[in-house]
Amino acid sequence: MSEVVRPAESVYNLLPRDEVQTQKPSRYMSKFRPVVLIEEKSVKDAMRTMGPAEVPIPSPDKYLKKHSKEPKSPDKSQCSREAHSCTMRKPPVPTRADIPPMGIRTQRNFLKTVTAVQVKPKPISVDTRKGHKQVLENSGLVPKYIKKKDYGEVPEYLQQRNEDEQRAQEEYDNYVKDQREQGAMKYLSDEERHAILEGLKKNWDQLHREYQGLSFVIDTMSKKSHKQRLEAAMKQLENDIQIFEKFKTIYVPKEH
């Protein structure tokens, strides 16, 4: 442990000493303080909320009477006098000898107005008690689609696709028949087909495991080409597996 350093003992330390009082600096006082006090005591905002200081007192004979605040209708006699009083003279009635004004043309197309077809409002459907409405045709309450001419029929694109598939199948059957007649094709049994299918799946698993082990960053041409070769091989195996699972009868060329 380190030793504690103590001050040297002296007799002078026992003598009483005068306490030194530190004087604090005077507090800051703004020179605008008197002006602020005068403005605060001024009465410039005295009537902002409480109204004027002195309000004239109403006389006792002008007390609030019943129905004095209700709007009053104007006097009928005064209205009748104002209605019959004519401030402007009306034009004189034309005589029999006066010729009516001629040559006045209008821009209105009467033929279009007569032959115009009246636009009927679209039927609507109100589905809530608060008045929410929508067009009846789009509400689903009207049999719209079952009344179409082509309702229930196979679409044209599906017919075209079925015809293409049927044509491709016929061409394949004809090709297989020709090859069988020439003795160049043989039929695969179910055991052979399953064995080949399992082998294809095992090869795909090996390639997939190798593909998963590739480096995260492909920064060289060799890595990029290796990745592309693996992807192409996996794609080819997927197509072969799909064909073997789809078709039960498969013919392969004979080995010579």
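The questions and answers below go through a predicted model, from its overall layout to its core and one loop residue. Local features need pLDDT of at least 70 and side-chain atom pairs count only at pLDDT 80 or more, while totals for chains, interfaces and linings use all residues. Residues are numbered from 1 along each chain as its sequence is written, and side-chain values use heavy atoms, with hydrogens and water left out.

User: In what order do the elements of the protein run from the N terminus on?
Analyst: Helices (H or I, at least four residues) and strands (E, at least two) are DSSP runs, numbered from the N terminus. The protein has six helices and four strands, and their order is α-α-α-β-β-α-β-α-α-β.

User: Which element supplies the largest share of the largest nonpolar core?
Analyst: A nonpolar core is a set of buried Ala, Val, Leu, Ile, Met, Phe, Trp, Tyr and Cys residues joined through side-chain atoms within 4.5 Å, where buried means under 20% relative accessible area with a 1.4 Å probe, protein chains only. Ten residues make up the largest such core, among them Leu188, Met234 and Phe244. Both α5 (190-212) and α6 (221-246) supply at least two residues of this core, and the largest share, five residues, comes from α6.

User: Which residues are in contact with Ser139, leaving aside its neighbours within four places in sequence?
Analyst: Ser139 lies in the loop between β2 (133-135) and α4 (156-182), and its side chain reaches the backbone nitrogen of Leu141 at 3.5 Å. Taking contact as heavy atoms within 4.5 Å, and leaving aside those neighbours, the residues in contact with Ser139 are Ser125 and Gln134.

Methods
Polar contact = N/O pair within 3.5 Å; in protein donor to acceptor, adjacent residues only side chain to side chain. Buried < 20%, exposed > 50% of the residue type's maximum accessible area, 1.4 Å probe, protein only.
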